[in-house]
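Notebook open, model loaded. I want to go through the helices, then how they pack, then the core.

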Amino acid sequence: MILAQTTNALPDNTGYVAAAYLVFFALVLIYVVIMASKLARFERELTELNDLADERFGAGAPASRDPAPAPEEPARR
Amino acid sequence: MLYGTRLRALSIATLVTMTAALALAFFYAPMDADQGFMQKIFYIHVPMGIVALCGFVWGGINAIQHLRTRDPKYDLRSYVAIHLSLILGAGVLVTGSIWAKASWGHWWVWDEPTLVSFLIVFLLYATYQPMRFSIEDREKQARYASVFAVTAGAFVPLNFIAVRLAQAYTHPRVFATADGGLPAKMQLPFYLSFLGMTLLYITLWRYEMASKNTSAKLRSLRRKLAGDDAVAPAGRTAAPSLPTT
């Protein structure tokens with residue numbers, strides 16, 4: 001690899017470089033979207049299980065082992 | 001806690017490192033006299049390739065642990081590591097093809113050992129998930145998959161050896177070459193990019209592990225609250241299953 005002097009000339013093959021970086025960012029983005037959809041599914045299931053626990057043990061039962069955060073507290077992620 | 005503060009800190013560190021690496025690659029690293037602007041692909045393509053191959057080896061190391069202890073968590077770790085490396089591997093092949101087209105005028109060169117050996121490793125690991133899916137018994141599936149991961153993991157270093165032994169130096173050499181290798185002003189962006197890619201891999205690996213563990217815990221919770229009938233049978237799947245209490 002030979003090092004050149006810095007030049008003000010317009011870069012060549014910009015399209016190929018952009019395409020390569022886009023491929024990388026697209027891969028990461030798709031992965032993040034899949035993880036976000038999984039997280040949404042977990043939240044739905046947790047809500048469902050929370051309702052189920054309320055039905056079985058009553059809404060007034062002690063919630064010491066409740067997996068869902070208390071409504072007034074922000075959920076920590 | 002589903003996604004802890006450590007994972008959040010890791011995510012932020014990944015984002016900062018990757019951003020800094022790309023900024024240095026484009027605004028600090030000098031233009032290569034031979035390849036010009038297209039050499040910038042190097043800063044994403046090479047770290048991705050190295051991290052993908054290291055991920056395969058990491059999968060093999062966890063598979064050894066699984067065979068030694070029979071603990072299903074190691075099978076899950078191995079599965080997630082290989083799964084992520086396959087995704088990065090696909091990225092390496094695509095970005096490499098783009099670079100080859102820009103540099104050599106061809107999307108693929110079959111007499112280039114680096115490309116072909118990486119493709120062989122990728123295709124070898126591409127059979128991992130179908131192999132898992134083909135085995136119905138979960139315990140046997142985990143055991144066979146671990147044997148596969150160990151064997152294939154040992155094959156990965158051959159990729160590096162093939163590169164070093166290659167006589168046809170069509171593929172650009174950057175480290176330890178006769179004329180000094182990578183220039184100093186290109187080293188910093190490269191090493192930072194490599195660090196960023198490693199952090200990205202670890203972050204995604206930890207997210208995937210957290211997701212799989214949470215899924216198993218939810219399944220267990222549903223069984224406790226609603227009984228076995230409320231939980232649909234898992235059916236045949238390539239993904240490992242963690243024991244639910």
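**Helix lengths.** Before checking a helix I need its yardstick: the expected span is 1.5 Å times one less than the number of residues. I am working on a predicted model here. I tried helix 1 of chain B: it has 23 residues, so at 1.5 Å a residue it should span 33 Å, and its end C-alpha atoms are indeed 33 Å apart.

I ran the same check on helix 2 of chain B, which has 28 residues. From first C-alpha to last it reaches 40 Å, close to the 40 Å expected. Helix 8 of chain B, residues 184-226, has 43 residues. Its reach is 63 Å, again close to the expected 63 Å.

I also looked at what comes right after two of these helices. Arg70(B), just after helix 2 of chain B, takes a positive phi of about 60°. Helix 8 of chain B is followed by Gly227(B), with a positive phi near 90°.

**Chain overview.** I pulled the element lists next. Chain A comes to one helix and zero strands, while chain B has eight helices and zero strands. On burial, I get 12% of the 77 residues of chain A and 34% of the 245 residues of chain B. For chain B I also checked contacts with a separation of 6 or more: 78% of them join residues 24 or more positions apart.

**Helix 1 of chain B, inward side.** Which residues of this helix are buried? I found Thr14(B), Met18(B), Ala21(B) and Ala25(B). The buried residues of this helix pack against helix 2 and helix 8 of chain B.

**Across the chains.** For packed helices I want two things, the angle between the axes and the distance between them. Helix 1 of chain A and helix 2 of chain B pack at about 40°, with axes 9 Å apart. The pair is therefore oblique. From helix 1 of chain A I see Ala20(A), Tyr21(A) and Phe24(A) meeting Ile44(B), His45(B) and Met48(B) in helix 2 of chain B. I sorted the residues of this contact by type: five nonpolar, one polar and no charged.

**Following Ala20(A).** I listed what Ala20(A) touches, leaving out residues up to four places away in sequence. The list is Ile41(B), Ile44(B), His45(B), Thr95(B), Ile98(B) and Trp99(B).

**The core.** Nonpolar side chains tend to be buried together in soluble globular proteins, and I went looking for that here. The largest nonpolar core has 55 residues, and Ala20(A), Ile41(B) and Met48(B) have the most contacts inside it. Which helices supply at least two residues each? I noted helix 1 of chain A, plus helices 1, 2, 3, 4, 6 and 8 of chain B. Helix 3 of chain B gives the largest share, 13 residues.

**One last residue.** I went back to helix 2 of chain B for Leu67(B), which lies in it. Is Leu67(B) buried or partly exposed? I count 17 C-beta neighbours inside 10 Å, so Leu67(B) is partly exposed; buried would take 20 or more. Its C-alpha is separated by 6.8 Å from that of Arg143(B), although the two residues are 76 apart along the chain.

Notes
Residues are numbered from 1 along each chain as its sequence is written. Chains are lettered from A and ligands numbered from 1 in the order in which they are written. This is a predicted model: local features need pLDDT of at least 70, side-chain atom pairs count only at pLDDT 80 or more; totals for chains, interfaces and linings use all residues. Helices (H or I, at least four residues) and strands (E, at least two) are DSSP runs, numbered from the N terminus. A nonpolar core is a set of buried Ala, Val, Leu, Ile, Met, Phe, Trp, Tyr and Cys residues joined through C-beta atoms within 7 Å. Two residues are in contact if their C-beta atoms, placed from the backbone, lie within 7 Å. Axes are lines fitted to C-alpha atoms, for helices over the stretch in contact, and angles run from 0 to 180 degrees between N-to-C directions. Angles under 35 degrees count as roughly parallel, over 145 as roughly antiparallel, 65 to 115 as roughly perpendicular and the rest as oblique. Ala, Val, Leu, Ile, Met, Phe, Trp, Tyr, Cys and Pro count as nonpolar, Asp, Glu, Lys and Arg as charged, and the others, Gly among them, as polar.
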